[in-house]
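Colleague: Could you take me through some of the labels on this model? I would like to see how each one is earned.

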Amino acid sequence: MKKPTFERVFVTVGSTQFEELIDSVIDSSVVNELRRMGCRKLILQIGRGKDPKIVKEIFGNDIDVTFFDLKTSIAEDIKQADLVISHAGAGSCIEVLGAEKPLVVVVNERLMDNHQTELADQLSKEGYLMYCTPSTLAQTLAESDFGQLKQFPPGSVSDFISYLDAFMGF
């Protein structure tokens, strides 16, 4: 059986600043994994972060890289993606899981009282997504079998909020 390719990869940090995620995505070890996975187009949504210093030599001519800061909706970017790499915000998780796209959630270890890690860990244990830290992104991409991910049950945003409330013990 042929492994799926992920020609179009979308990375989102949400409306925040998460330089570690962007820096890890443009690191040569992650770029090499993206190449191995068949990536031809990489779209980076950098939020309030600084413009990434993309070195053309790292990407070469085989991966077309574009980036933007913020826009009203990233729904179309998610829809067009073969793989999404995202920060661990609940809103981004909802949107990507609802679009039934393979998802790698990268948790921000610098956040205090990091409930994002707990959420990502639980959704990973339930088989809906993969999660990692910026420093383990390349390894996660190399070792993940995205074909084994389960589809998140269809439903409304309120169902997901109920899920989050139950998870958080509210």
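Modeller: Happily; here are salt bridges first, then burial, then the core. This is a predicted model, in which local features need pLDDT of at least 70 and side-chain atom pairs count only at pLDDT 80 or more, while totals for chains, interfaces and linings use all residues. Residues are numbered from 1 along each chain as its sequence is written, and side-chain values use heavy atoms, with hydrogens and water left out.

Colleague: What makes Asp 64 and Lys 41 a salt bridge?

Modeller: The term asks for a side-chain nitrogen of Lys or Arg within 4 Å of a carboxyl oxygen of Asp or Glu. Here N to O is 2.9 Å, so the pair qualifies. Asp 64 sits in strand β3 and Lys 41 in strand β2, 23 residues apart (strands are DSSP E runs of at least two residues, helices H or I runs of at least four, numbered from the N terminus).

Colleague: Why is Lys 41 called buried?

Modeller: Buried means under 20% relative accessible area, exposed over 50%, and partly exposed in between (1.4 Å probe, protein chains only). Lys 41 has 19%, so it is buried. Its partner Asp 64, at 41%, is partly exposed.

Colleague: And what makes Lys 125 exposed?

Modeller: Its relative accessible area is 62%, so Lys 125 is exposed. Lys 125 forms a salt bridge with Asp 121, at 3.1 Å, and both lie in helix α6.

Colleague: Which residues touch the most other members of the largest nonpolar core?

Modeller: Leu 42, Ile 85, Val 104 and Leu 141, out of 31 residues. Such a core is a set of buried Ala, Val, Leu, Ile, Met, Phe, Trp, Tyr and Cys residues joined through side-chain atoms within 4.5 Å.
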